[in-house]
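Before reading on, take a moment with the sequence and the model shown here. The paragraphs below are meant to be read with both in view.

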Amino acid sequence: MARLFYPHASLGDVLLVLIDPEKKAFSSALRGEVSAVFGEEGEVIGYNLFSFSRKCKVKANGILFNPPEEVLSIVRKEIEGAGFPVPSFEKDSGYFVGKVLSKEEHPLYEGTYIYALEGRGHERLETVSGLTGLEVGSLAVYLESGRIGRDGRKFVSHLEKNIPLQCLIASKWELGAPEGTKEAYVDSSLEVGSDFFAERK
């Protein structure tokens, strides 16, 4: 699943289509205003769409959460018109609301806690976080496993010191606040299991 980024402040008028950001770029091919980026095995791991504002006005600076279908349609058309394979796109933001069910101190790291969350579909998720502001009963936001986050990296569920990290609790920065904050985003008005960014459309 692909995720769209428009980092205008750092890269200018280029829309990035990230498919597999964990793989290293090995080669690229430019056709018109579309550049395909390939991994070591020849697979497409992303696209760069240049001069994108000529085709579509984008207000965001960074990741595009829940991009409208009109934007996705233009992206598909540009990639297909360049003769490259069109990827499938995320249907949601990947950021969902969870309720903190339990909190216990991490046995190894001071200031870090092990949490259990109730996620979407009433799934129980375990994770570790050093973010502040989380208590039992808090409604927080988490990034689901297998999804690309705001920093352009894909989070994948794994074990760390034999403790499962099945999701990633989002900080205020992750959800759009100024960089530097170490607080979790907590909001009692949220609905457990809902798509955080869909609620803000």
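What follows goes through the sheets, then the nonpolar cores, and then the charged side chains.

The model is a predicted one, and a good place to enter it is an open sheet of 6 strands, which has the order S3-S4-S5-S2-S1-S6 with antiparallel pairing. Its edge strands are S3 (27–31) and S6 (62–63), each of which pairs on one side only. At the S3 end of this order, S3 and S4 pair in the antiparallel sense over 5 bridges, and Arg31 has Val34 in S4 as its bridge partner. These two strands form a hairpin with 2 residues between them, and Gly32, in the turn, has a positive phi of about 65 degrees. At the S6 end, strand S1 (residues 3–6) is joined to S6 by 2 bridges and runs antiparallel to it, with Tyr6 having Gly62 in S6 as its bridge partner. Helix H2 (residues 69–81) lies across S1, S2 (14–18), S4 (34–38) and S5 (44–50), and runs at about 105 degrees to S5.

There is also an open sheet of 5 strands, with the order S9-S8-S7-S10-S15 and antiparallel pairing. Here the edge strands are S9 (124–129) and S15, each pairing on one side only, and the twist averages 45 degrees from one strand to the next. Within this sheet, strand S7 (residues 95–105) and strand S8 (residues 113–118) pair in the antiparallel sense over 6 bridges, and Ser102 stands opposite Ala116 in S8.

The nonpolar side chains come next. In soluble globular proteins, nonpolar side chains tend to be buried together. In this model the largest nonpolar core has 22 residues, of which Phe5, Tyr95, Val141, Leu175, Phe196 and Phe197 touch the most other members. At least two residues of this core are supplied by each of S2, S7, S10 (139–144) and S14 (163–165). A second, separate core of 21 residues includes Leu4, Tyr6, Val34 and Leu64.

Turning to charge, the count of salt bridges comes to 12. One of them is formed by Glu33 and Arg54, whose closest N and O atoms are 3.3 Å apart; because Glu33 lies in the loop between S3 and S4 and Arg54 in the loop between S5 and S6, this pair ties together parts that are 21 residues apart in sequence. Glu33 counts as partly exposed at 28% relative accessibility, whereas Arg54 counts as exposed at 67%. The side chain of Glu33 also meets that of Lys55 in a salt bridge (2.4 Å, N to O), a pair that links distant parts of the chain, 22 residues apart.

Another salt bridge brings together the side chains of Lys103 and Glu135 (3.3 Å, N to O). Lys103 lies in strand S7 and Glu135 in the loop between S9 and S10, so the pair ties together parts that are 32 residues apart in sequence. Both residues count as partly exposed, Lys103 with a relative accessible area of 27% and Glu135 at 46% relative accessibility. Elsewhere, salt bridges that share partners join Glu90, Asp92, Arg120, Glu144 and Arg147 into one network.

Which side chain of opposite charge is nearest to Glu174? Glu174 has its place in the segment after strand S15 (167–169), and the side chain in question is that of Arg150, 6.5 Å away. Glu174 is buried yet has no salt bridge, since a salt bridge requires the nitrogen and oxygen atoms to be within 4 Å. Leaving aside residues up to four places away in sequence, Glu174 touches Phe65, Tyr95, Gly149 and Arg150.

Conventions: Residues are numbered from 1 along each chain as its sequence is written. This is a predicted model: local features need pLDDT of at least 70, side-chain atom pairs count only at pLDDT 80 or more; totals for chains, interfaces and linings use all residues. Side-chain values use heavy atoms; hydrogens and water are left out. Helices (H or I, at least four residues) and strands (E, at least two) are DSSP runs, numbered from the N terminus. Buried means under 20% relative accessible area, exposed over 50%, partly exposed in between (1.4 Å probe, protein chains only). Lys and Arg count as positive and Asp and Glu as negative; His and the chain ends are not counted. Contact means heavy atoms within 4.5 Å. Two strands pair if DSSP finds at least two bridges between them. Axes are lines fitted to C-alpha atoms, for helices over the stretch in contact, and angles run from 0 to 180 degrees between N-to-C directions. A nonpolar core is a set of buried Ala, Val, Leu, Ile, Met, Phe, Trp, Tyr and Cys residues joined through side-chain atoms within 4.5 Å.
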